[in-house]
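Here's a walk through one protein chain, written for someone who likes cut-offs spelled out. Have a look at the fold first, then read on.

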Amino acid sequence: GVSFARRDALWIKEYFHKTLNIPEQRIYLKTDSDVGQAEFRKVFSEGGWLDKRIKKNQSNIFFFFAGHGAPNLDDKKGYLIPYDGDPNYASQTGYALDDLYTELNRKSSKSTTVFLDACFAGVNRNNEMLLANARTVFLEVDNSFTDRVNVFSAAGSKQISSSWPEKKHGLFSYFLMKGMRGNADKNGDKKLTYGELGRYLEENVSSTAGLLDREQTPSLSTQNENKIFISY
């Protein structure tokens, strides 16, 4: 289980629909036991769900994931762990971030944005160990090769992606939604850029994490910092 992850996904769907104006029939939502390993391959692989719907250089892709991430020490890669996965066998039962970015870079979209409310230290949102060896693993996840993909990550490589029990959300997810709602539009020009959202998340998540006696600093990997993400 991941505290409040299902709630995060359901709320994010509403923001994608109402704030980003994505038609409901173009939103693919899966939660809990419906998120098996095969779902990732079905959606992202060549000829999969996304490929069947993309209009070349016109479609915008948004991918949100709230859940477990895990490191694999053999190949030094980070993996998203599906419901039927085992963090102790990340490469066998998970979906590699490398594979995700490779597939997304391949797609002929107008833009692609990823939101990861997960960390790759082998620890869950409640600071509980997921790995059998009972030690935290610090894995430097390399987003530098994402190329055309804009990646908002919830925490640094040596940090845990926390929940905020008072709000019943992941800390990153909560401020992501507040930022999308307009709170991140610092200059008030009714145009929210990727950079503005990234700075808002960094400032608010890190300061609130401090109040919860945690350390968590989100990051943005993008070549489009000044590009408009949402117009109001």
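Let's start with helix H4: its buried residues pack against helix H2 (37-44), E1, strand E3 (77-81), strand E4 (95-96), strand E5 (111-117) and strand E6 (149-153). Which residues of H4 (residues 97-106) are buried? They are Leu-97, Leu-100, Tyr-101, Glu-103, Leu-104 and Asn-105. Buried here means under 20% relative accessible area, exposed means over 50%, and partly exposed sits in between (1.4 Å probe, protein chains only). Contact means heavy atoms within 4.5 Å. Helices (H or I, at least four residues) and strands (E, at least two) are DSSP runs, numbered from the N terminus.

Some ground rules: this is a predicted model, in which local features need pLDDT of at least 70 and side-chain atom pairs count only at pLDDT 80 or more, while totals for chains, interfaces and linings use all residues. Residues are numbered from 1 along each chain as its sequence is written, and side-chain values use heavy atoms, with hydrogens and water left out.

**The whole chain**

The protein chain has six helices and eleven strands. Its C-alpha atoms fill a box of roughly 50 × 45 × 30 Å along the principal axes. A compact globule of 232 residues would have a radius of gyration near 17 Å, and the chain agrees, with 17 Å. That radius is taken over C-alpha atoms, and the globule rule is 2.2 Å times the number of residues to the power 0.38. Buried residues make up 50% of the 232. Of the contacts with a separation of 6 or more, 67% come from residues 24 or more positions apart.

**Two cores**

The largest nonpolar core has 30 residues, and Phe-16, Phe-115, Leu-176, Leu-197 and Phe-229 touch the most other members. At least two residues of this core come from each of helix H1 (5-18), strand E1 (60-66), helix H5 (171-183), helix H6 (194-211) and strand E11 (228-231). H5 gives the most, with seven residues. A nonpolar core, by the way, is a set of buried Ala, Val, Leu, Ile, Met, Phe, Trp, Tyr and Cys residues joined through side-chain atoms within 4.5 Å.

Phe-115 has plenty of phenylalanine company: leaving aside neighbours within four places in sequence, its contacts include Phe-16, Phe-62, Phe-63, Phe-64, Phe-65, Phe-152, Phe-172 and Phe-229. Apart from this core lies another, of 22 residues, among them Val-43, Trp-49, Leu-80 and Tyr-95.

**Inside H5**

Gly-179 is in helix H5, and so is Met-180. How buried is Gly-179 by relative accessible area? It is at 0%, and Met-180 also has 0%. Not counting residues up to four places away in sequence, Gly-179 touches Ala-184, Leu-192, Leu-197, Tyr-200 and Tyr-232. On the same basis, Met-180 touches residues including Tyr-15, Phe-16, Leu-197, Phe-229 and Ile-230. Here are two C-alpha distances from this pair:

| C-alpha pair | Residues apart along the chain | Distance |
|---|---|---|
| Gly-179 and Tyr-200 | 21 residues | 6.9 Å |
| Met-180 and Glu-103 | 77 residues | 26 Å |

**Two loop residues with positive phi**

Most residues other than glycine have a negative phi. Lys-190, not a glycine, has a positive phi of about 65°, and is found in the loop between H5 and strand E9 (191-193). Asp-213 has a positive phi of about 60°, and lies in the loop between H6 and strand E10 (219-221). Asp-213 is exposed, with a relative accessible area of 72%.
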